[in-house]
Amino acid sequence: LVEVKTGLLATALVHPMVRFSLMNDTEGRKETILNTPRAESAAQVFCGVFGSKLGDCVREVQNDDKEEQIRISGFLCMEPHHTRELQFISVNKQPISPCQLHREVQNLFRQAKTFQDWKSSMKSFPVFALQLEMPPSFCDLSLEQRKTMVMFKDKTKVLEILTTTVKQFLADQGLISPPPSTPSPQ
């Protein structure tokens with residue numbers, strides 16, 4: 001049931017304008033497992049599900065790389081969670097299984113000053129929901145039946161854009177030094 005709930009939440013974060021409900025009506029009683037609100041953004045859905053404890057720590061992010069035609073949007077959270085269940089990445093509106101992209105976000109958070117103590121605790125993980133949008137020719141989601149695995153035409157470029165987005169967020173929050181700006185050609 002936990003896997004179904006997590007999968008439905010991942011879908012709700014990708015489609016925030018749709019309200020999702022998951023009920024358990026075994027043994028003659030109805031129990032609401034998940035009830036997402038209709039919202040404008042993934043961050044609003046997340047806040048509606050988890051309330052103020054985690055919701056107040058959510059910060060929306062966006063990065064458009066027009067040259068590479070890759071867009072990242074979604075949110076990162078300043079409050080850790082005790083499991084990796086609240087780490088979501090989707091590619092072209094398709095939630096994907098944990099992979100190198102998820103590990104990259106975790107590693108970047110672990111480098112931040114405030115999160116240095118996360119290294120000593122194996123039960124603290126960053127919370128995030130990031131949506132990557134790119135031309136379909138840049139990725140392949142048809143590797144397996146559930147379409148939760150992805151291969152990228154240029155994984156290095158995708159990782160670079162993801163890293164830039166997360167580092168900028170951490171710098172904006174004062175958790176790491178700002179990334180050096182590249183001088184503009186004269």
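Begin by selecting Arg 59 in strand E3 of this predicted model. Its bridge partner in strand E4 is Leu 76. Extend the selection to the two whole strands: E3 and E4 run antiparallel to each other and are joined by eight bridges. Together the pair makes a hairpin, with four residues between the strands. Within that turn, select Gln 69, whose phi is positive, at about 60°.

Next, display the sheet to which this hairpin belongs. It is an open sheet of five strands with mixed pairing, and its order is E3-E4-E7-E5-E6. Which strands are the edge strands? They are E3 (residues 58-65) and E6 (residues 94-95), each of which pairs on one side only.

Move now to E5 and E7. These strands pair in the parallel sense, over five bridges. For one point along this pairing, select Phe 88, whose bridge partner in E7 is Ala 129. Then turn to the helix H2, which packs on the sheet and touches E3, E4 (residues 70-77) and E7. The direction of H2 makes about 150° with that of E3.

Keep H2 (residues 42-55) selected and add helix H1 (residues 2-14). The two helices pack with their axes 8 Å apart, at an angle of about 140°. Because of that angle, H1 is oblique to H2. To view the contact itself, select Leu 9, Ala 12 and Leu 13 on the H1 side, together with Ala 42, Val 45, Phe 46, Val 49 and Phe 50 on the H2 side. What kinds of residue make up this contact? Eight are nonpolar, while none is polar and none is charged.

The last stop is an internal space. A search of the whole structure finds one cavity of 30 Å³ or more. The largest cavity holds about 40 Å³ of space. To display its lining, select Ala 10, Leu 13, Val 14, Phe 88, Ile 89, Ser 90, Pro 95, Ala 129, Leu 130 and Gln 131. H1, E5 (residues 87-91) and E7 (residues 128-133) are the elements that each give two or more residues to this lining. By class, the lining of the largest cavity comprises eight nonpolar residues, two polar ones and no charged ones.

Several stops of the tour meet here. Leu 13, already seen in the contact of H1 with H2, also lines the largest cavity. Phe 88 and Ala 129, the bridge partners visited earlier, belong to that lining as well.

Methods:
Residues are numbered from 1 along each chain as its sequence is written. This is a predicted model: local features need pLDDT of at least 70, side-chain atom pairs count only at pLDDT 80 or more; totals for chains, interfaces and linings use all residues. Side-chain values use heavy atoms; hydrogens and water are left out. Axes are lines fitted to C-alpha atoms, for helices over the stretch in contact, and angles run from 0 to 180 degrees between N-to-C directions. Angles under 35 degrees count as roughly parallel, over 145 as roughly antiparallel, 65 to 115 as roughly perpendicular and the rest as oblique. Contact means heavy atoms within 4.5 Å. Ala, Val, Leu, Ile, Met, Phe, Trp, Tyr, Cys and Pro count as nonpolar, Asp, Glu, Lys and Arg as charged, and the others, Gly among them, as polar. On a 1 Å grid over the protein atoms alone, a cavity is a set of points where a 1.4 Å probe fits but cannot get out, and a pocket is an open set with protein on both sides within 12 Å along at least five of seven lines; lining residues have an atom within 4 Å of a point. Grid points are joined across faces, edges and corners, and a volume is the space filled by probe spheres set on the points. Two strands pair if DSSP finds at least two bridges between them.
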